[in-house]
Amino acid sequence: MVPILISVMIFCGCISETVEEEISSQPLDNCETGTLVSFEPIVEEDNTQSVIANVRVLNLNSTTETLVFTEPLKGTFSFLQSSCKLNCTHTIFKTDNFTAPLRLDAADFDGDGNNEFIVSDIGILPPSDEKFGKVLILKINNTSIYQESIAIQDVGRVTCAEAADFDSDQDLDLTLCEFGNEGGSVGWIENLGDGNWTRHILESKPGTIEATPVDMDGDGDLDIVAIISQLSEQIVIYWNDGYGNFTSEILFNAETTYFGMSGINIVDLEGDGDQDILFTNGDVLDGDFPEDENVWDYHGLSLLDNLGNGDFEYQRLMAFSGAYDSALFDIDGDYVDEIVVVGFNPGFGHSLDFGNQPNIAWLDYDNGDWNRVFPDNNLEIPLISLEVMDLDGDGLEDLIAANHDLANSSAVSKLISISADITETCLEV
């Protein structure tokens with residue numbers, strides 16, 4: 001809100017030209033900012049339930065990237081065929097070897113210049129300790145899968161596998177998130193060559209959502225940052241000595257089982273050259289959130305600020321019911337990225353009061369503070385995953401969100417592009 005400034009100047013019944021110019025250059029009185037969000041379809045719904053688990057930008061090779069998304073209920077994943085803006089054409093992939101793909105990564109394992117796709121197959125969607133999870137590596141051309149291999153199978157529900165060289169032997173290994181149910185683990189699988197792999201368990205605990213390879217201490221090797229839900233509700237870093245030997249450290253511990261860890265985003269938020277950790281918590285699908293508690297007091301967006309030398313400072317940036325994912329994106333058009341967060345209310349399985357907040361909001365950095373911005377309207381779509389990409393090659397990035405309509409309550413597109421219209425209305429006194 002612009003501060004109210006009232007000026008009244010009377011000089012012999014007239015105002016000089018100089019004074020009049022000065023008054024007209026001052027801010028108008030009683031200015032109010034209005035913010036509306038809207039969306040346009042990227043990938044249309046197809047008269048079936050739209051339950052997208054993850055949307056992500058991946059590189060096909062060193063020069064070409066594409067947008068990919070997974071649909072575990074259908075046992076498929078897809079990627080966009082070419083640059084587009086609205087109602088984009090996509091190619092759907094499905095084989096008998098995967099059941100419920102949840103997340104994709106891409107990397108060049110054989111050094112031919114083209115990346116293979118890494119499929120994290122959860123195997124079974126409902127909570128279970130059945131060993132149906134697997135990780136597959138696929139060679140793909142424009143329309144089909146022409147070669148596939150299994151890196152690991154017969155493990156608990158797999159939610160992530162990310163490529164990185166953890167042991168400095170010049171080949172690519174994989175992180176492994178075995179979400180499981182009452183049992184599970186976080187670890188990595190070592191590439192032994194010739195299609196052979198061996199598994200290393202770093203910790204045996206259920207609920208690992210993501211395990212991201214990143215050099216957090218600037219020593220040149222890749223550590224692993226994991227977000228863990230279920231019984232732990234933690235952010236854990238596994239420090240790598242460069243040869244695949246890891247030491248774990250808990251960076252954040254919620255100390256409650258209903259904290260609802262949901263998403264993680266590794267970014268250099270301050271532009272100081274180190275990697276910070278944004279994470280969201282707002283999941284209620286476990287069904288254990290107490291009905292006499294307020295989700296607003298728990299759910300939200302938090303930051304682990306990397307101070308260097310292995311030290312991190314925790315900050316709760318925003319209370320936000322159902323917070324599920326975040327992204328850096330210039331949503332207000334001021335040429336500076338905001339932190340955008342979306343919330344997911346499954347619409348069933350609980351009687352919790354999520355309040356009347358919109359399911360999207362952002363933090364705008366100004367004068368040393370993060371200012372919370374809640375738009376004046378709601379998108380009315382269960383959003384679960386965010387990505388940023390220049391979809392049509394016009395030089396402007398787009399904010400892309402995935403529809404996760406478990407309740408089958410709407411006929412909205414699988415993927416949407418979100419924008420904000422910000423207006424300022426001033427009344428001159």
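What follows is a short run of questions and answers about this predicted model.

Q: How do you know how confident the predictor was in the protein chain?
A: Look at the pLDDT: the chain averages 89, and 92% of the residues score at least 70. Over residues 1–25, though, the pLDDT is below 50. That stretch has 14 contacts in the model beyond near neighbours in sequence. Where pLDDT is low, the predicted coordinates should not be read in detail.

Q: Why are strand 15 and strand 18 said to stand at the edges of their sheet?
A: Start with the layout: this is an open sheet of 4 strands in the order 15-16-17-18, with antiparallel pairing. Strand 15 (208–214) and strand 18 (246–253) each have a single partner strand, so one side of each is left without a neighbour in the sheet. As for the twist, neighbouring strands are turned by 20 degrees against each other on average, direction ignored.

Q: What makes strand 16 and strand 17 a pair?
A: Pairing takes at least two bridges between the strands. Strand 16 (residues 223–228) and strand 17 (residues 234–240) are joined by 5 bridges and run antiparallel, so they qualify under that rule. Within this pairing, isoleucine 228 stands opposite glutamine 234 in strand 17.

Q: Why is glutamine 234 called buried or exposed?
A: The cut-off for buried is under 20% relative accessible area. Glutamine 234 comes in at 7%, so it counts as buried. Leaving aside neighbours within four places in sequence, its contacts are Lys205, Ala226, Ile227, Ile228, Ile250, Phe252, Asn253 and Met261.

Q: What makes the meeting of glutamine 234 and lysine 205 a polar contact?
A: A polar contact needs a pair of N or O atoms within 3.5 Å. The side chains of glutamine 234 and lysine 205 make theirs at 2.8 Å, so the distance part of the test is met.

Q: Why does valine 295 count as buried or exposed?
A: Its relative accessibility is 1%, so set against the under 20% cut-off, valine 295 is buried. This residue lies in the loop between strand 20 (276–281) and strand 21 (300–308). Not counting residues up to four places away in sequence, valine 295 touches Phe289, Ser321, Leu352, Asp353 and Phe354. The C-alpha atoms of valine 295 and alanine 319 are separated by 9.0 Å, with their positions 24 residues apart along the chain.

Q: What makes the phi of aspartate 194 and of tyrosine 335 worth pointing out?
A: Both are positive values in residues other than glycine: phi is near 55 degrees for aspartate 194 and near 70 degrees for tyrosine 335. Aspartate 194 is found in the loop between strand 13 (185–193) and strand 14 (196–203). Tyrosine 335 is in the loop between strand 23 (323–329) and strand 24 (338–343).

Q: How do you know whether aspartate 194 and tyrosine 335 are buried or exposed?
A: Exposed means over 50% relative accessible area. Aspartate 194 has 80%, so it is exposed. Tyrosine 335 has 78%, so it counts as exposed too.

Q: Why is the meeting of lysine 414 and aspartate 46 called a salt bridge?
A: The rule asks for a side-chain nitrogen of Lys or Arg within 4 Å of a carboxyl oxygen of Asp or Glu. Here the N to O distance is 3.3 Å, so the pair passes. It links distant parts of the chain, 368 residues apart: lysine 414 sits in the loop between strand 28 (398–403) and strand 29 (415–425), and aspartate 46 in the loop between strand 1 (32–43) and strand 2 (54–59). Lysine 414 is buried, with a relative accessible area of 1%, whereas aspartate 46, at 37%, counts as partly exposed.

Q: What makes glutamate 71 and lysine 74 a salt bridge?
A: Their side chains meet at 3.5 Å, N to O, so they fall within the 4 Å limit. Glutamate 71 counts as buried at 4% relative accessibility, and lysine 74 as partly exposed at 27%.

Q: How do you know that glutamate 116 and lysine 139 form a salt bridge?
A: The N to O distance is 2.9 Å, so this pair also satisfies the 4 Å limit. Glutamate 116 is in strand 7 (residues 116–121) and lysine 139 in strand 8 (residues 133–140), 23 residues apart. Both residues are buried.

Q: What makes Arg56, Arg103, Asp105, Glu162 and Glu210 one network?
A: They are joined by salt bridges that share partners. Across the whole structure, a search finds 15 salt bridges.

Key
Residues are numbered from 1 along each chain as its sequence is written. Side-chain values use heavy atoms; hydrogens and water are left out. Helices (H or I, at least four residues) and strands (E, at least two) are DSSP runs, numbered from the N terminus. Axes are lines fitted to C-alpha atoms, for helices over the stretch in contact, and angles run from 0 to 180 degrees between N-to-C directions. Buried means under 20% relative accessible area, exposed over 50%, partly exposed in between (1.4 Å probe, protein chains only). Contact means heavy atoms within 4.5 Å. A polar contact is a pair of N or O atoms within 3.5 Å; within protein, one must be able to donate a hydrogen and the other to accept it, and residues adjacent in sequence count only if both atoms are side-chain atoms. pLDDT is the predictor's confidence in each residue, from 0 to 100.
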